[in-house]
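Biologist: Could you take me through the tryptophans in this model and the packing around them? I'd like a close look at that one part, in plain bench language.

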Amino acid sequence: MMTQVIVLNGGSSSGKSGIVRCLQAVLPDPWLALGTDTLVEALPASMRASDAGIEFAPDGEVIVGPEFRTLEAAWIEGVAAMARAGARVIVDEVFLGGVDSQKRWQKALGELRVLWVGVRCDSAVAAGREVARGDRVIGMAASQADVVHRGMVYDLEVDTAHAESMECARIIAADVS
């Protein structure tokens, strides 16, 4: 069975988005790129600063509420439905809930062939990228760098502190069938 979904999990500013763009360039078939940022951008502005939605605290902590979780569950099911309908999908995720986050995806993706990829990056390197980006709350990268990987089970791991996005994409692509 061919790989239908690639799930990249890593903290903010770990380099996932760069890897996704490179994967789209090196993989022979077209792959859709969807990520947690896609979901957050699709939310109404009122949910990006409420207890029920998603909040980004001044120290970089991300706080999610019940309405966000409801929409996130629907979004995950929608991504899985696209893959079942024949789209090949690369998911750019931040598993803030650790193993519970991965389990939500595993349940939705069910029988689909998934390649689980951990995208690691030293917290100091990610923090430097965060400052250079200018579009993230300072502190988010450092707070997420390790916590998103606790208890995770991956098929493959890459480290963007030691390899460029294209090199990481080629390593991942070599495991895609």
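Modeller: Happy to! Let's start with Trp75, which is buried, as its relative accessible area is 16% (buried means under 20%, exposed over 50% and partly exposed in between, with a 1.4 Å probe and protein chains only). Keep in mind that this is a predicted model, in which local features need pLDDT of at least 70 and side-chain atom pairs count only at pLDDT 80 or more, while totals for chains, interfaces and linings use all residues. Residues are numbered from 1 along each chain as its sequence is written, and side-chain values use heavy atoms, with hydrogens and water left out.

Searching the whole structure turns up 1 aromatic pair (ring centres of Phe, Tyr and Trp, the last by its six-membered ring, within 6.5 Å; planes under 30 degrees apart are stacked, over 60 edge-to-face, the rest tilted). Its partners are Trp75 and Trp105, set edge-to-face with 5.7 Å from centre to centre and 85° between the planes. The pair joins distant parts of the chain, 30 residues apart: Trp75 sits in helix 3 (residues 66-84) and Trp105 in helix 4 (residues 99-109) (helices are DSSP runs of H or I, at least four residues, and strands runs of E, at least two, numbered from the N terminus). Trp105 is buried as well, with a relative accessible area of 1%.

Trp105 also takes us into the largest nonpolar core, which has 27 residues (a core is a set of buried Ala, Val, Leu, Ile, Met, Phe, Trp, Tyr and Cys joined through side-chain atoms within 4.5 Å). Together with Val5, Val7, Leu109 and Trp116, Trp105 is among the residues with the most contacts inside this core. Strand 1, helix 2 (36-42), helix 3, strand 5 (89-93), helix 4 and strand 6 (114-120) each supply two or more of its residues. Helix 3 gives the most, with 6. There is a second, separate core of 20 residues too, and Leu8, Leu23, Leu115 and Leu156 are included in that one.

Now look at Trp116. Leaving aside residues up to four places away in sequence, Trp116 touches Trp105 along with Val7, Phe95, Gln102, Gln106, Leu109, Val153, Tyr154, Asp155 and Leu156 (contact means heavy atoms within 4.5 Å). So among the neighbours of Trp116 you'll find Val7, Trp105 and Leu109, which are also on the list of residues with the most contacts in the largest core. As background, nonpolar side chains tend to be buried together in soluble globular proteins.
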